[in-house]
Amino acid sequence: MTGSKRKVPPPIPVVGTGGGGGGSDREDQIREWEEAQRRQREQQAAAAAAVPPAQLAVVPAQPDAPAAAPAPSTDRVPALVQSGAPGYLPMPEFTEPDSNDPAARLEFYSRGILAVQYAARANHERAEQQKLIGLGLRLRAMKEEELHKVAGHDTFGDLTEARFGIKKHQANNIIRVMPVAQALEDITTQELKERPLRILVPILETHGTDAVRETWLEAARHGNVTDKTLREAANFLGYAAPKELTQEEGEKRAGPKVLAPSESLKAVERIRALAETDLVRARREAEELESAVRELLEELAGNLKDQTYLA
């Protein structure tokens with residue numbers, strides 16, 4: 001292997017070969033490496049922004065030589081996964097280790113596999129994020145321009161389902177959360193799912209882009225970003241809309257519920273009020289009510305005996 005080309009191994013976290021603590025340690029190392037990569041991309045983006053546009057068209061061949069146009073690339077890849085695209089990671093090149101020790105070579109190749117897996121996962125998440133934005137922009141334009149009529153469909157939903165397999169409610173949800181995804185694409189490269197982003201829609205409409213980003217970053221401080229952590233972050237920061245109490249919650253806060261009088265008690269109160277003006281008539285109605293109640297009690301008692309016998 002003396003004739004093989006030696007290269008510096010890819011800049012990825014070193015994973016120990018010893019036993020114990022492998023899972024969580026490896027994840028921590030990968031997260032640290034991701035954070036370092038993110039900071040490096042931000043620095044590169046800031047440096048590129050500081051260069052005047054005229055200087056970006058040429059690359060000096062020598063310090064004192066005239067500027068020359070950059071050579072065309074011979075290994076082009078799709079635009080979404082170009083190594084220079086914001087948020088995307090280039091796949092590590094294959095290189096051979098300097099050591100001839102089998103254990104060291106195994107460790108070197110293992111680190112390379114981890115780096116490839118990480119880049120693939122990160123690029124997939126970024127691609128899904130951009131997919132949500134790309135779909136939302138085009139679906140919104142088609143809906144606003146009512147282009148379903150040109151295709152002979154009665155509704156926008158008929159068009160999206162027939163042509164793209166996207167149901168109407170799915171298309172409308174994508175359109176609704178798309179501006180939220182746009183507000184977040186420059187602070188995170190992870191996949192943005194449509195359902196959790198719904199929580200941020202009213203925050204964007206009421207408080208603006210900065211509030212959406214602040215809510216996302218607050219939720220991300222506690223680990224995985226979900227609809228629950230986004231809702232908690234919005235409540236903590238004061239961006240969530242006041243919660244409307246349900247009828248049951250309102251009754252609990254208002255205190256014990258006062259039961260309305262039954263029909264039988266209403267009858268008694270009516271006779272009592274009648275007694276104040278016509279005592280004779282009130283007594284007669286009270287006796288009639290007493291007789292009716294007695295008959296009802298006997299009837300109910302008989303029904304209860306019949307049910308007990310049948311059981």
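Helices are DSSP runs of at least four residues and strands are runs of at least two, numbered from the N terminus. In the predicted model examined here, E146 is found in the loop between α2 and α3. The backbone at E146 has a positive phi of about 50 degrees, although E146 is not a glycine. With a relative accessibility of 39%, E146 counts as partly exposed. The side chain of E146 forms a salt bridge with K149, in which the closest N and O atoms are 2.9 Å apart. K149 itself counts as exposed, at 54% relative accessibility.

The protein chain as a whole contains eleven helices and two strands. Read from the N terminus, its elements follow the order α-β-β-α-α-α-α-α-α-α-α-α-α. Of the 311 residues in the protein chain, 24% are buried. The accessible surface amounts to about 22300 Å², and carbon and sulfur atoms account for 55% of this area. Among contacts with a separation of 6 or more, 55% are formed by residues 24 or more positions apart.

Helix α4 comprises 17 residues, from 168 to 184. The distance from its first C-alpha to its last is 25 Å, close to the 24 Å expected at 1.5 Å a residue. A kink of about 40 degrees is located at V177, shortly before the proline P179. V177 also belongs to the buried residues of α4, together with A171, N173, I174, I175, M178, V180, A181, A183 and L184. The elements that cover these buried residues include α2 (102-144), α3 (156-164), α5 (194-197), α6 (201-207) and α7 (209-220).

Helix α7 contains W216. The relative accessibility of W216 is 4%, and the residue is therefore classed as buried, the limit being under 20%. Leaving aside residues up to four places away in sequence, W216 touches L184, I187, T188, Q190, L192, L197, L200, V225 and L230. L184, one of these partners, is listed among the buried residues of α4. The C-alpha atoms of W216 and R231 are separated by 9.9 Å, the two residues being 15 residues apart along the chain.

The count of salt bridges comes to ten. One of them pairs R213 with D186, with the closest N and O atoms 3.2 Å apart. This pair links distant parts of the chain, since R213 lies in helix α7 and D186 in the loop between α4 and α5, 27 residues apart. R213 is partly exposed, with a relative accessible area of 25%. A further salt bridge is formed by the side chains of E191 and K193, at an N to O distance of 3.3 Å. E191 is partly exposed, at 24% relative accessibility. In addition, R270, R281 and E285 are joined into one network by salt bridges that share partners.

A nonpolar patch of about 480 Å² is present on the surface, made by V268, L289, V293, L296, L297 and L300. Helix α11 (residues 279-310) supplies the largest share of this patch, namely five residues. L300 is situated in helix α11. The relative accessible area of L300 is 47%, and L300 is therefore partly exposed rather than exposed, a class that requires over 50%.

Conventions
Residues numbered from 1 in each chain as written. Predicted model: local features only at pLDDT ≥ 70, side-chain atom pairs only at ≥ 80, totals over all residues. Heavy atoms only, no water. Expected span 1.5 Å × (residues − 1). Bend = angle between axes of the 7 residues up to and from the residue. Buried < 20%, exposed > 50% of the residue type's maximum accessible area, 1.4 Å probe, protein only. Contact = heavy atoms within 4.5 Å. Patch = residues over 30% accessible without salt bridge, like charges linked within 9 Å, V, L, I, M, F, W, Y side chains within 5 Å. Areas by Shrake-Rupley, 256 points an atom, 1.4 Å probe, with all protein chains shown as cover. Salt bridge = Lys/Arg side-chain N within 4 Å of Asp/Glu carboxyl O.
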